[in-house]
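Colleague: Hi! I'm new to this one, so please walk me through it.

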Amino acid sequence: MSETTGASYAAAGVDIDAGDRAVELMKEWVKKTRRPEVLGGLGGFAGLFDASALKRYERPLLASATDGVGTKVDIARRMGVYDTIGHDLVAMVMDDIVVCGAEPLFMTDYICVGKVHPERVAGIVKGIAEGCVLAGTALVGGETAEHPGLLGPDDFDVAGAGTGVVEADRLLGADRIRTGDVVVAMASSGLHSNGYSLVRHVLFDRAGMALEQQVEEFGRTLGEELLEPTKIYSLDCLALTRTTEVHAFSHITGGGLAANLARVIPDGLHAVVDRSTWTPGAVFDLVGRAGQVERLELEKTLNMGVGMMAVVPAESVEVALTTLADRGVDAWVAGEIIERGERTTGAELTGDYAS
């Protein structure tokens with residue numbers, strides 16, 4: 001009678017030991033995000049956050065968001081650079097939360113890989129932890145899942161979810177906006193984490209460019225430009241709410257500037273943003289030229305150089321700009337709020353970009 005070898009998890013492609021090694025490597029980074037409200041350490045079944053810290057609020061509202069970074073992970077994989085993608089993930093989640101005026105509290109992540117490479121997974125978590133520090137939030141846990149047979153050995157994806165809190169009477173949004181309010185734009189650090197399906201199609205498939213290609217306008221390689229981390233605005237936005245009156249924020253992500261700004265404009269009002277108040281970065285021009293992409297298509301896909309917008313009363317503009325400048329944020333007056341009239345949308349871009 002012949003002997004047969006029984007099936008095993010390892011033979012099926014899942015390496016539990018490698019997963020354990022990855023957890024050990026990431027622990028030091030997670031510790032850097034710790035807030036006093038966090039209980040326990042990494043490795044439990046659930047992350048714990050002491051909700052008694054919310055007793056100082058009269059009526060605390062919890063804000064939550066979840067997101068990923070889209071096909072930007074393909075650039076990271078091809079370049080073998082993994083820490084910046086974690087930074088992107090925090091930005092996409094926590095900058096959504098701060099839009100309503102909420103303070104980020106904690107975050108969890110989900111990393112899905114074809115094969116666990118401990119150092120690679122730890123690199124991703126390192127970036128997430130560094131991003132959490134910049135957002136003022138704790139990383140209380142997460143999950144690393146190995147999916148052999150569904151993902152290639154070097155393939156991966158990331159997602160995250162976060163929670164924040166805001167006092168009910170300080171909740172920001174459309175109901176606060178009034179005619180005569182001013183739109184303040186905050187510069188993006190580049191493409192951020194949206195539109196990469198278009199960018200990859202244009203630059204790689206159509207223009208035949210390579211990640212290692214030096215691009216004179218960037219002063220670095222194409223890959224380095226495309227991996228530029230998404231700017232995290234959470235603490236900058238909270239600083240604004242402490243120093244002056246703010247009516248609303250808009251995080252400029254998928255859908256572009258006008259569509260995202262329109263999400264916080266109430267019925268009957270309209271935001272007019274003047275393109276001539278800024279010059280989009282070179283990467284936006286390159287995508288447009290290389291793919292012969294029409295301006296409106298670019299604008300509904302990419303952020304065009306603006307990553308966050310604040311809607312403030314006219315009397316708050318000077319303090320808002322000073323606060324942001326003191327924090328190293330490039331910001332400017334980009335538009336105003338007017339009566340909607342016969343317009344069918346809540347926001348529009350007018351004029352031409354400054355050259």
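**A first look around**

Modeller: Helix 4 (residues 118-135) lies across strand 4, strand 5 and strand 6 (156-167), and runs at about 165 degrees to strand 4. Helices (H or I, at least four residues) and strands (E, at least two) are DSSP runs numbered from the N terminus, and angles go from 0 to 180 degrees between the N-to-C directions of axes, which are lines fitted to C-alpha atoms, for helices over the stretch in contact.

Colleague: Where do these numbers come from?

Modeller: The model is predicted, so to speak of a local feature takes a pLDDT of at least 70 and a side-chain atom pair counts only at 80 or more, while totals for chains, interfaces and linings use all residues. Residues are numbered from 1 along each chain as its sequence is written, and side-chain values use heavy atoms, with hydrogens and water left out.

Colleague: Back to those strands. What is the order in the open sheet of 4 strands?

Modeller: The order is 3-6-4-5, with mixed pairing; two strands pair if DSSP finds at least two bridges between them. From one strand to the next, the twist averages 15 degrees.

Colleague: And which strands stand at the edges?

Modeller: Strand 3 (60-68) and strand 5 (138-146) do; each has a single partner strand, so one side of each is left without a neighbour in the sheet. Strand 5 runs parallel to strand 4 (residues 103-113), joined by 8 bridges. Val 113 has Glu 146 of strand 5 as its bridge partner.

Colleague: How many strands are in the open sheet with the order 10-12-7-13-11-14?

Modeller: That open sheet has 6 strands, again with mixed pairing. Strand 10 (248-251) and strand 14 (347-350) are its edge strands, each pairing on one side only. Averaged over the sheet, neighbouring strands are turned by 25 degrees against each other, ignoring direction. Strand 14 pairs with strand 11 (residues 269-274) in the parallel sense over 4 bridges, and there Leu 349 is the bridge partner of Val 273.

Colleague: Which helix packs on the sheet?

Modeller: Helix 11 (residues 317-326), which touches strand 7 (182-187), strand 12 (306-312) and strand 13 (331-339); the direction of helix 11 makes about 150 degrees with that of strand 13.

Colleague: New topic: which residues touch the most other members of the largest nonpolar core?

Modeller: Among its 77 residues, they are Phe 156, Leu 203, Leu 222, Leu 226, Leu 261 and Met 309. Helix 3 (residues 83-97) gives the most to this core, with 8 residues. A nonpolar core is a set of buried Ala, Val, Leu, Ile, Met, Phe, Trp, Tyr and Cys residues joined through side-chain atoms within 4.5 Å; buried means under 20% relative accessible area, exposed over 50%, partly exposed in between (1.4 Å probe, protein chains only). Apart from it lies another core of 19 residues, Met 186 and Leu 240 among them.

Colleague: I clicked on Cys 237. Is it buried or exposed?

Modeller: Cys 237 has 0% relative accessibility, so it counts as buried. Cys 237 lies in helix 7 (residues 234-243). Leaving aside neighbours within four places in sequence, Cys 237 is in contact (heavy atoms within 4.5 Å) with Val 98, Met 186, Phe 249 and Met 308.

Colleague: Last one: which residues of helix 9 are buried?

Modeller: In helix 9 (residues 282-291), those are Val 283, Phe 284, Leu 286, Val 287, Gly 288 and Gly 291. Their cover includes helix 5 (196-206), helix 6 (222-226) and helix 10 (295-299). Just after helix 9, Gln 292 takes a positive phi of about 50 degrees.
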